[in-house]
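Work through these exercises with the sequence and coordinates open. Try each task before reading its solution.

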Amino acid sequence: MASFASTHRASDFDDDGLVAAVGSAPSADDVADRILALPEVAVVQADEASGAPPSSWGDRFFFVGDGRRQPFATIVGHDTAGFDDDFQLDRPGVFRLSIELGREEFQRRFGYPPARFADHRASLDPTVLDEIGPHPVYGTHGWACVLNPVRALAEVDRLLAHAHGRALDRHHRSLRRRQSRD
C-alpha cells in the first residue's frame, strides 16, 4: 500500500506538526478513498435517509462484506455533544480516523491491553493532530484513532491493513458458516 507520507518533506510541517503547504495534507475524503481501495470494502455514510440520528450525519463507517455489523474503520468530522466532544472536531478541517485494532495489536501498539485503557486515559490529549492513540471512547474495545494523519500515515497504512485483514477474516468465516448451513 502506498503511503501519503512519501509525498511530504520535513519542511512541509510547522512546529505543531501541521502541513504548511496548503492543500498538501490528505483530507477526510482522501483517507476515505484510500480505505475504499482495499478489497471488498463498502462505506455507509450516516444521513437522514439511513435513519441515523442527525448528530451522526456525515459520519462514514467502513465495512467488509454485506453484513455491515461491525465497521473496521470510521471517519468523523464533528463532535457529538456529551459523547466525544473531547476531540474538538469542530475545528476547521479537523477529522478523526478510528481503526479497530483488536486486543493483540492494541497491546503491541500501546504497551497495555484494552482492558487497562482506563488506567491510561487521563494521560491522553485527544485534541492532538497527527498522533495515533487509543480511542478515548472505544479504547477499551481495542480501537485507536488519529486526527488528521500526515506524518503518521505510514503507521496508519499498516494499522488499516491489519484492521482490514481482521474484517476480511470475520467476513470469510461468516460466509463459510452460512455455506455450511445450506
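**Exercise 1. Strand β6 and its surroundings**

Task: Decide how far β6 is enclosed by the rest of the structure.

Solution:
- The model is predicted. Strand β6 spans residues 143-147.
- Count burial next. Buried means under 20% relative accessible area. Five of the five residues of β6 are buried, so the strand is largely enclosed by the rest of the structure.
- Now sort the residues by face. W143, C145 and L147 lie on one side. A144 and V146 lie on the other. Both faces are covered.
- This fits a general rule: in a regular strand the side chains alternate between the two faces of the sheet.

**Exercise 2. Partners of β6**

Task: Find which strands pair with β6, and in which sense.

Solution:
- Start with β4, residues 96-100. Five bridges join β4 to β6, and the two run antiparallel.
- Fix the register at two points. E100 has W143 as its bridge partner in β6. R96 has L147.
- Turn to β5. It pairs with β6 over two bridges, again in the antiparallel sense. Here P134 stands opposite A144.

**Exercise 3. Strand β3 and its neighbours**

Task: Place β3 between its partners and describe its two faces.

Solution:
- Strand β3 covers residues 73-76. A73 and I75 point one way, T74 and V76 the other way. All are buried.
- One partner is β2, residues 60-64. The pair is antiparallel, over three bridges. F61 of β2 stands opposite T74 in β3.
- Another partner is β4. That pairing is antiparallel too, over four bridges. I75 stands opposite L97 in β4.

**Exercise 4. The whole sheet**

Task: Assemble the strand order and name the edges.

Solution:
- Six strands form an open sheet. The order is β1-β2-β3-β4-β6-β5, with antiparallel pairing.
- The edge strands are β1 (41-45) and β5 (133-134). Each pairs on one side only.
- Add the helices. The chain has four helices and six strands. Along the sequence the pattern reads α-β-β-β-β-α-α-β-β-α.
- Then place α4 on the sheet. The helix lies across β1, β2, β3, β4 and β6. It runs at about 50 degrees to β4.

**Exercise 5. Helix α2 against helix α4**

Task: Classify the packing of α2 and α4, then describe the contact.

Solution:
- Helix α2 covers residues 102-110, and α4 covers residues 153-181. Their axes come within 11 Å and cross at roughly 160 degrees.
- Apply the cut-off: angles over 145 degrees count as roughly antiparallel. The two helices are therefore roughly antiparallel to each other.
- The crossing is right-handed.
- List the contact residues. From α2 come G102, E105, R108 and R109. From α4 come E155, R158, L159, H162 and R166.
- Sort them by class: one nonpolar, two polar and six charged.

**Exercise 6. The chain overall**

Task: How many residues are in the chain, and what share of them is buried? What share of the contacts joins residues at least 24 apart?

Solution:
- The chain holds 182 residues, and 45% of them are buried.
- For contacts, take residues at least 6 apart in sequence. Of these contacts, 55% join residues at least 24 apart.

Definitions and conventions
Residues are numbered from 1 along each chain as its sequence is written. This is a predicted model: local features need pLDDT of at least 70, side-chain atom pairs count only at pLDDT 80 or more; totals for chains, interfaces and linings use all residues. Side-chain values use heavy atoms; hydrogens and water are left out. Axes are lines fitted to C-alpha atoms, for helices over the stretch in contact, and angles run from 0 to 180 degrees between N-to-C directions. Angles under 35 degrees count as roughly parallel, over 145 as roughly antiparallel, 65 to 115 as roughly perpendicular and the rest as oblique. A crossing is left-handed if the near helix is turned anticlockwise from the far one by less than a right angle, and right-handed if clockwise. Contact means heavy atoms within 4.5 Å. Ala, Val, Leu, Ile, Met, Phe, Trp, Tyr, Cys and Pro count as nonpolar, Asp, Glu, Lys and Arg as charged, and the others, Gly among them, as polar. Buried means under 20% relative accessible area, exposed over 50%, partly exposed in between (1.4 Å probe, protein chains only). Two strands pair if DSSP finds at least two bridges between them.
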